[in-house]
Amino acid sequence: MDKIIEQIEKIREINKQHKLVIFVGAGVSRNSGVCSWWDLVKDIAIKIDYNDICEKCELKYLTYTEGDVESVSCKFNNRPCQYEFNYSNEEFLKIPQYFYEEKGEKEYLEFLNSVFGKHYDTNAIDELIVALEPEHIITTNYDHLIEDVKNPSISNYTVIKSNNDLLEKGRHGRKYIIKMHGDIDDLDNIVLKEDDYLTYSLNHELLEIYIKSILIDKTILFVGYSLGDNNLKLIMSYINYFANTLKIERPPHYLAVNKIDHEVRETQYWLNKGVELVDLSKVSDFMKEKTRCDLKPAGKPLYSFLSYIKNDRLPYYKDGIMELKRSLLNSINSLEPFKRISCSTLLSICSFSRGAELQNGVLNILDSSDYDNLRSILIQNDGDSSIIKECFLKTGVKSIYHKPKLAEAVSYDLITDVEAEDELFNLSINWDYSKIVEQLSTIDNIFEKAYYYSLIYRTKDNICLDILSKIESDINQKDFKYLTLNDKYQIAILKFNLIAIRLLCFNSQRDPLDNLNKFIDSTSTESKAFEYIKKYINDNGKDINELNKLLLKHEEYYMRKSTMTKYGGTIYGDLFKLQAIVYDYYFFYKKNYLMLDWFNNVSKMCEPYIKAILCTYYPDEYQFSNPALGRTHVKPYPLNITDINLIIRHVKYKDFISWISYYKVFSLSLIDGLDITEIFENFCISIRSYWLTEYAEHINLFGKLLSMIEFSKDERHKILLAFLKLVTPDDNIGIVMLRTCLKALWLFVDKHYDADDSYYAQLLELLIDEDLLTDSPNDYINLINMLSPQADKKIYDKCCSIIDHCNSERKKAYYPYVFRDILLKHEPTKWRNWIIDNLEHNWTEEVFDYLEKKIIPYDEVVSKYFEEKLKNIKEAPGVKTIPDIKSELINSIVILHILGIIPDLDDMSYLNQYCKENSYLDFLLNPESFDYSKINTADYMWCNFIANDKFRERILEHKSEFWSKEDEKRIELGFGGSFENQIAYKYLFD
C-alpha cells in the first residue's frame, strides 16, 4: 500500500505544478455503459463471422464423451471457449478493416453510430477527471462523456478533434480536451480500422505532432486502459520513438490498471518504456470506504485513486496514529533544510480534523483524538518520534494541549535544547553585536554569515553582496537535474537575498521577482515549506487582513468592556492569535536568513500585533460586570524580548506615539526575569560601534519604551551609564551622536531623573555645547532645564564662555534663555539684568516663559516689547494665516492676566485697538458692552475664564445668553472635552 500512497502524493504534486495530462481510455466510458474496444471488435467479428482463431485451434478437433453424448472439447461443460475472442494486436485493427471492406462504408458507419450514438450519462470518474483540472485531457474515446461533465471547470477546456480544430480553436484556450481518435459526430474521421492507423500520421499530422510534444513535456496518467490495450501500446511507441530520436530525458508517466498478473515482469517491462504501473488492486477497503461512489466494482478503485489525488486531506489508514505518523514522516524529510518551519506548513501536514492553534508556544489541538494520536507518537522513544519532535520544535511548538468539554485540560511538553543552539539569533535579539562580529569568522554556514553581516552592516562596503555573489557563482556551476533539496533551499534563499541586498544598494541589476516565484513553484512539489517564502516576496495581504480582523475583535474585548460581556477567551483577549501569525512570520525569515530587516514588509505584519499589545493597557480593568454571571478578567500583557525587538526594529516612532495615545497607554510592563537594562547596554554599544547616527528611529523608540517602564534606582543608573557611553564624543564620534539621541534622552530623563545620581552632571556638561545650541529642539532645552540643579561652577563657567563668544544679538538673548536656570543659580542679578537688556531679541514664547516662571517682572520694558511685536506683525488684506500670529500673541497676554502675572488691566491698554478682533480681549476690557452670546464653552479659553474666581460671577450672570438645554444634552451625551465637562457639571448645570 505504501507504493500507491507514494504514487498518489507524487501525481498530486505534479498536478499542482500544472504538468499533468490525463489520457482517458475506453475503460472509463464503460462505467457509463459504453462498450470497450474489445467488446466493439468482438461484435464486429460476430457480424462478419470472423473465426480465424477457431480454425487454427487444436481444441476444435478434440472431443470428449459425457454419458452417451460426444461433444467438442472447446465447449466443455457448455462454457464459452477461452480462446474464441482472444485477438492479437494485429487482429484488433484488421477485424474492423474486414468489416468495412466486406459490408461497405455505409453499413460500417451505421454500425458505429448504433453503438456510440446513444445517449450516455457521464459517470463519477469523468467528473473527477475534470475536477482535477489537469493541463490537458487526451482520449481515444469517441463519446462525449468528458465534454458533458457538469462542472464549471469544463469551460476552461477547448475541444480539439482534428487538425483544423487545432488551428482554429487552439488560440482560444490554454487547456485542451483532445479527441485523438475522432468524435462520434464526425464518423468519417473515426480512427478504428487498420487503414485509419496506417494513415494517421498523414491525415492528422498537426494533431499527432502536438500530442507527441505533450507526451514528452508533461507527465501522463493513463486511465481506462489495460496492459494489453493496443491503443496504449501505439501511444507508448510515439513516446519512445520521439524521446529516443531527440535523446531527451522523459518525465515520469503512470498507468493505472485494475490488475497485474505477473507483477515483477510487467512492472519492469513498463518501466523500461518510462511508465510506472499503478496497481489499483492495492487501493485499500478503507480508502474505498472514504471515497464511496455508485460505480460498478471495476470502477471503484480508479475512482478512489483519483479522489485521493484531488483531496490531500483524505486519510490513508484507519488507524489514526499510523495515518498521522505516515503523514508527518512523509513530509518531514522535505522540511529538513529549513532552520525554521512555518506553523501553517506543519498544520497542513498534520491535517487535524478540527484544526489547531499555536498560542505562545502551545499548540492547542481542538479534537481529543488528534491530541491522543500525536501524543502517542511523541512519547515513543524511537528515532521516528525524535524526528517528529524536532520538526515541531522547529515550528516553535514547546508543548501540545487539549481541553475536553467536560474534563480537565491535558498537555505534553516537548523538552529539548534546540532553541538554545541558535546562538547568533539569541545574541541578535539581545543586541549583542560585538559578540556576533567576533564569531562571524568562525561561522561555516555562508548564508548565516551573510545574513548577520546584513543585519549589522547593512550595505557597508558591499560585504553581503560579495558573499552572495560568490555563492551564486558556486551554485550556477551545478547541474539543475542533479540538485538536492538542500541545494534548492539554498538557491531560493540566495535568490531572495540577492533581490533584497540589491534593492538596498540601489543596484540596477535586480533579479526579477517572477523568476524567484517560478523557481519556488517548481520546488514546492518537493517541500511545502517553499510556498511560505512567497509570503515574503508578495504582498502577504491574506495574513494582514486576518490580523486586522483579529485586532478589531481584540479591541472590542478590551475597549468596550463597559457595554459587553465576553464569555470564555483569555485574559489577553485575542492577542495570542495575532502573536502566532506574526511570530510565525518573524522567526521564519530570521532563522532562514532572509534579509528582510530593512524592509517595510515586516512592519506591515507587525502593526496589528503591536497595536493589540498596547490595547491590553487600555485603562479599564474589567469587562462589564454582571452579578449573575460574574465578569471576564483581562490584564495588560507584559512585553517579552521578541516584542521589544519587533517594536524597535519594525515600528516608526511617530506611529508608536500615535498608538499609545489612541489606546491611552501610560506605562508598560515586562515579563519576569527580562533584564532590559542589559539589552539597552548592548543596544547602545552596537549603535555606537556599527550603526552610528542614521538609525534615530531605533534610538527614539527605545527611549520611549524606557520612559514607560518602572525601574529600580540601580536600573536607572545603569541605563544612564549606557546613554553616556553612547553619546560621549571621542576621536571617532563627535557631537552628532549626542544630537541624534536628544529625544531619547529627554524621554528617559523626564520620567526617571534621579537628582542623587552624580552622573547627570556629566551628561549636563556634555549638553553644554554650542553645536547643540544651533537650531536646538525643545528636547534639548528641556534637558538643560531638568538637569540645571546638577550644574557646578565648572559648568557655569562653560555656559558663560559660550555666551561671551556670541557673535550675534539673537544668540546673546537665546543662549541665556537656554542656560537660564544655571546662570540664575550662580549670579541671579547679573543675568536678570542681561535678560531685560537683551529682551527685544527674544522670541515671544521665551518672554512668556520668563514671565510665567517669574524670572522677570511684567513692567514697562515688557509691555513695550509686546506692543512693538504687535505693531510689527504684517497682515495682508483678506488673508488669514495659520497659525494666526497676532491672535496667538494676544491670547498669550490674556492668559498672563488670568494667571495674575499682569494684575492691572491698565498695563494692557495698548491692546484696546484689538478688541474688535479678539473676543477674549473685548470681554476683559469692555465687560459691560460685551456680547456674552460669543462665549463658547467648547473653547478652552472661556473655560479658563469660568474656572477663575475673578471672572466667573460676571460670566454666570449672563449664562442664559450662551448656555442652553441643547448644550446640557451635548455634554450628557459625552460630546464635551474633559475640561469643558468639568466646568459644565461644576458651574453651568442647574
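**Helix packing, sheet order and side-chain pairs in a predicted model**

The buried residues of helix H35 pack against five helices, namely H33 (676-691), H34 (696-707), H36 (736-740), H37 (742-752) and H38 (759-767). The model under discussion is a predicted one. In H35 the buried positions are Ile719, Leu720, Ala722, Phe723, Leu724, Leu726 and Val727. The length of this helix can be checked against its residue count: H35 covers residues 713-727, and its 15 residues, at 1.5 Å a residue, should span 21 Å. The C-alpha atoms at its ends are 21 Å apart, which agrees with that expectation.

A second part of the model is built around a sheet. Strands of a sheet pair through backbone hydrogen bonds, in either a parallel or an antiparallel manner. Here, seven strands form an open sheet with parallel pairing, in the order S5-S6-S4-S1-S7-S8-S9. Strand S5 (157-160) and strand S9 (275-279) are the edge strands, each pairing on one side only. From one strand to the next, the twist averages 20°. At the S9 edge, strand S8 (residues 253-257) runs parallel to S9 and is joined to it by five bridges. Within this pairing, Ala256 stands opposite Val278 in S9. Helix H11 (residues 205-217) packs on the sheet, where it touches strands S1 (20-24), S4 (136-139), S5, S6 (175-179), S7 (219-223) and S8. The direction of H11 makes about 120° with that of S6.

Charged side chains provide another set of contacts. Side chains of opposite charge can pair when their charged atoms come close. Across the whole structure, a search finds 41 salt bridges. In one of them, Lys591 meets Asp422, with an N to O distance of 3.9 Å. Lys591 belongs to helix H29 (residues 575-591), whereas Asp422 sits in the loop between helix H20 (418-421) and helix H21 (423-429), so the pair ties together parts that are 169 residues apart in sequence. Both partners fall under the 20% limit for burial: Lys591 has a relative accessible area of 6%, and Asp422 has 16%.

Two further salt bridges each join a buried aspartate to a partly exposed lysine. Lys435 bridges to Asp432, the closest N and O atoms being 3.9 Å apart. Of these, Asp432 is buried at 13% relative accessible area, while Lys435 is partly exposed at 45%. In the salt bridge between Asp849 and Lys853, the N to O distance is 2.6 Å. Asp849 is buried, with a relative accessible area of 11%, and Lys853 is partly exposed, with 45%. Elsewhere, salt bridges that share partners join Glu9, Arg12, Glu323 and Arg326 into one network.

Aromatic side chains complete the picture. The structure holds 54 aromatic pairs. One of them brings the discussion back to helix H29: the ring centres of Tyr583 and Phe587 are 5.5 Å apart and the ring planes lie at 85°, so the pair is edge-to-face. Planes over 60 degrees apart count as edge-to-face. The two residues are four apart in H29, and are therefore separated by about one helical turn. Both Tyr583 and Phe587 are buried. They also belong to a cluster in which ring pairs link Phe425, Tyr583, Tyr585, Tyr586, Phe587, Tyr589 and Tyr609. Helix H29 thus contains Lys591 of the salt bridge to Asp422 as well as Tyr583 and Phe587 of the aromatic pair.

Technical notes:
Residues are numbered from 1 along each chain as its sequence is written. This is a predicted model: local features need pLDDT of at least 70, side-chain atom pairs count only at pLDDT 80 or more; totals for chains, interfaces and linings use all residues. Side-chain values use heavy atoms; hydrogens and water are left out. Two strands pair if DSSP finds at least two bridges between them. Axes are lines fitted to C-alpha atoms, for helices over the stretch in contact, and angles run from 0 to 180 degrees between N-to-C directions. Contact means heavy atoms within 4.5 Å. The expected span of a helix is 1.5 Å times one less than its number of residues. Buried means under 20% relative accessible area, exposed over 50%, partly exposed in between (1.4 Å probe, protein chains only). A salt bridge is a side-chain nitrogen of Lys or Arg within 4 Å of a carboxyl oxygen of Asp or Glu. Rings of Phe, Tyr and Trp (its six-membered ring) pair if their centres lie within 6.5 Å; planes under 30 degrees apart count as stacked, over 60 as edge-to-face and the rest as tilted.
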